[in-house]
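Visitor: I'd like to learn how to read the way helices pack against each other. Can you walk me through it?

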Amino acid sequence: HELRTPLTLIIGPLDHLISAMSESSHLPDLLLMQKNANRLLLEINQLLDFRKIDTGQMNLRVHEVNIVAFCQEVKSYFESMARVRRIEYVFENRMALDTFWIDTDLIEKVLVNLLSNAFKYTAEGGWIRLRLEETTDQIQILVEDDGTGIPPEALPYLFDYFFTEKNRAGSGIGLHLVKEFVELHHGTVSVESELG
């Protein structure tokens, strides 16, 4: 928390400067600062979440949600990135029901993490799909892409904390938190991938 507070006090004025200096030649530098400050804030928040999980202090705050509308909203966070990179980015709903009990904060973090990874490893002109399906007793949220793929030897360790593949950026916390947040909902997370 001691790191997050001063960082948010930096980001606020920086956001104000960016909107006030939209015509400035310094705008690219400000945008780079904003991007990296937000990335640092995300990493700090993940560390705080990791600590809560590690100490058993993470509690669910569930309520009934229109899961279809919720997934469409989270999908929209990445629409502009998809347009800029000419990625075919679609949402598919294969559910008859549309309400489900979830902790929206945690499931939003799950989806943002999975979609961020999909965008990180999908080339310009590729495709990414967010899909909802239901079985008799559960729903499935799938993130699919035609990205670079993951080597088979890395698959068993992908959701372990602090695991990172060689030559790939990341702290190794995000996918571990995905697993923990899904398991708090009495769900499971899995991956299928092949290189290329």
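Guide: Sure! Keep in mind that this model is predicted. Let's start with one pair: α2 passes α6 in a left-handed crossing.

Visitor: How do people describe a pair like that?

Guide: Two packed helices are described by the distance between their axes and the angle between them. Here, α2 covers residues 27-54 and α6 covers residues 174-184. Their axes come within 10 Å and cross at roughly 45 degrees.

Visitor: Are α2 and α6 parallel, antiparallel, perpendicular or oblique to each other?

Guide: Angles under 35 degrees count as roughly parallel, and 65 to 115 as roughly perpendicular. The crossing of roughly 45 degrees fits neither range, so α2 and α6 are oblique to each other.

Visitor: Which residues make the contact?

Guide: On the α2 side you'll find Q46, D49, F50 and I53. From α6 come G174, H176, L177, E180, F181 and L184. Sorted by class, this contact of α2 with α6 has five nonpolar, three polar and two charged residues.

Visitor: Now for another pair. At what angle do the axes of α1 and α2 cross?

Guide: Roughly 155 degrees, with the axes coming within 10 Å. Helix α1 is residues 4-20. Angles over 145 count as roughly antiparallel, so α1 is roughly antiparallel to α2. And α1 passes α2 in a left-handed crossing.

Visitor: Which residues meet there?

Guide: In α1, they include L7, I11, L14 and I18. Among those in α2 are L30, A37, L41 and L48. By class, the contact of α1 with α2 divides into 14 nonpolar, four polar and two charged residues.

Technical notes. Residues are numbered from 1 along each chain as its sequence is written. This is a predicted model: local features need pLDDT of at least 70, side-chain atom pairs count only at pLDDT 80 or more; totals for chains, interfaces and linings use all residues. Side-chain values use heavy atoms; hydrogens and water are left out. Axes are lines fitted to C-alpha atoms, for helices over the stretch in contact, and angles run from 0 to 180 degrees between N-to-C directions. Helices (H or I, at least four residues) and strands (E, at least two) are DSSP runs, numbered from the N terminus. A crossing is left-handed if the near helix is turned anticlockwise from the far one by less than a right angle, and right-handed if clockwise. Contact means heavy atoms within 4.5 Å. Ala, Val, Leu, Ile, Met, Phe, Trp, Tyr, Cys and Pro count as nonpolar, Asp, Glu, Lys and Arg as charged, and the others, Gly among them, as polar.
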